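This report is an introduction for a reader who has not met the structure before. Please keep the sequence and the three-dimensional view at hand while reading.

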Amino acid sequence: QSVVARSYAYSRWRTGPDAMFHVYDTQNSQVYRGVSLPARAVVTYGDLEKRTAETRGVVLTWRGEPFPTYYASTCGGHTTQPVTAGLDPGGA
């Protein structure tokens, strides 16, 4: 999840590095609203920090370029073409 979220954020930054901000806290940017763990979680915040640190700087690429890694909390086990979901910024 860290690599996917970082790849998404990095691809947004590349579209306008001088912009005031690059992601939204809405469905426009995967609805990230911070980290919270359920009371009975089997991981700790320390575990999450460790996993994120282990992948620091890692982004997903395609043909040598970072790409926007669209993802959803639930997909029902199926994927679709980006254009079908209205997520195709210029043929990515």
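In what follows, two residues are in contact if they have heavy atoms within 4.5 Å of each other. The model described here is a predicted one.

## Overall architecture

The chain contains two helices and two strands. Followed along the sequence, these elements come in the order α-α-β-β. Helix α1 covers residues 2-15, strand β1 covers 61-62, and strand β2 covers residues 65-66.

The chain has 92 residues, of which 11% count as buried. Its exposed area is about 7,500 Å², and carbon and sulfur atoms supply 55% of that area. Among contacts between residues at least 6 apart in sequence, 56% join residues at least 24 apart.

## Ser-7 in helix α1

Ser-7 belongs to helix α1. A residue is called buried if its relative accessible area is under 20%; Ser-7 has a value of 0%, and it is therefore buried.

Which residues does Ser-7 contact, once its neighbours within four places in sequence are left aside? They are Val-59, Leu-60, Phe-67 and Thr-69. The side chain of Ser-7 also reaches the backbone oxygen of Val-3, at a distance of 2.7 Å.

## Thr-69 after strand β2

Thr-69 is found in the segment that follows β2. With a relative accessible area of 6%, Thr-69 is buried. If residues up to four places away in sequence are not counted, Thr-69 touches Val-4, Ser-7, Tyr-8 and Leu-60.

The side chain of Thr-69 makes polar contacts with the backbone of two of these residues. One goes to the backbone oxygen of Val-4 at 2.7 Å, and another goes to the backbone nitrogen of Tyr-8 at 3.3 Å. Thr-69 and Ser-11 are 58 residues apart along the chain, yet 8.3 Å separates their C-alpha atoms.

## Aromatic rings of helix α1

The count of aromatic pairs comes to one. This pair is formed by Tyr-10 and Trp-13, whose rings are stacked, with 5.6 Å from centre to centre and 15° between the planes. Both residues lie in helix α1, three residues apart, which is about one turn of the helix.

Are the two partners buried or exposed? Tyr-10 is partly exposed, at 32% relative accessibility. Trp-13 is also partly exposed, with a relative accessible area of 37%.

Another ring, that of Tyr-8, has a charged residue over its face: Arg-12 lies there, at 5.9 Å from the ring centre. Tyr-8 has already appeared above as a residue touched by Thr-69.

## A salt bridge between helix and strand

How many salt bridges are counted? The count comes to one. Its partners are the side chains of Glu-65 and Arg-14, which meet at 2.6 Å, taken from N to O. Glu-65 lies in strand β2 and Arg-14 in helix α1, so the salt bridge ties together parts that are 51 residues apart in sequence.

Neither partner reaches the level at which a residue counts as exposed, which is over 50% relative accessible area. Glu-65 is partly exposed, at 40%, and Arg-14 is likewise partly exposed, at 41%.

## The loop between the strands

Arg-63 is located in the loop that lies between β1 and β2. Its relative accessible area is 71%, so Arg-63 is exposed.

The backbone of Arg-63 deserves a remark. Most residues other than glycine have a negative phi. Arg-63 is not a glycine, although its phi is positive, at about 55°.

## Summary

Helix α1 is the meeting point of several of the features described here. Ser-7 in this helix is in contact with residues including Phe-67 and Thr-69. Tyr-10 and Trp-13 stack as an aromatic pair, and Arg-14 joins Glu-65 in the salt bridge.

Note on methods:
Residues are numbered from 1 along each chain as its sequence is written. This is a predicted model: local features need pLDDT of at least 70, side-chain atom pairs count only at pLDDT 80 or more; totals for chains, interfaces and linings use all residues. Side-chain values use heavy atoms; hydrogens and water are left out. Helices (H or I, at least four residues) and strands (E, at least two) are DSSP runs, numbered from the N terminus. Buried means under 20% relative accessible area, exposed over 50%, partly exposed in between (1.4 Å probe, protein chains only). Accessible areas come from the Shrake-Rupley method with a 1.4 Å probe; for residues, only the protein chains shown count as cover. Rings of Phe, Tyr and Trp (its six-membered ring) pair if their centres lie within 6.5 Å; planes under 30 degrees apart count as stacked, over 60 as edge-to-face and the rest as tilted. A charge sits over a ring if NZ of Lys or CZ of Arg is within 6 Å of the ring centre and within 35 degrees of the ring normal. A polar contact is a pair of N or O atoms within 3.5 Å; within protein, one must be able to donate a hydrogen and the other to accept it, and residues adjacent in sequence count only if both atoms are side-chain atoms. A salt bridge is a side-chain nitrogen of Lys or Arg within 4 Å of a carboxyl oxygen of Asp or Glu.
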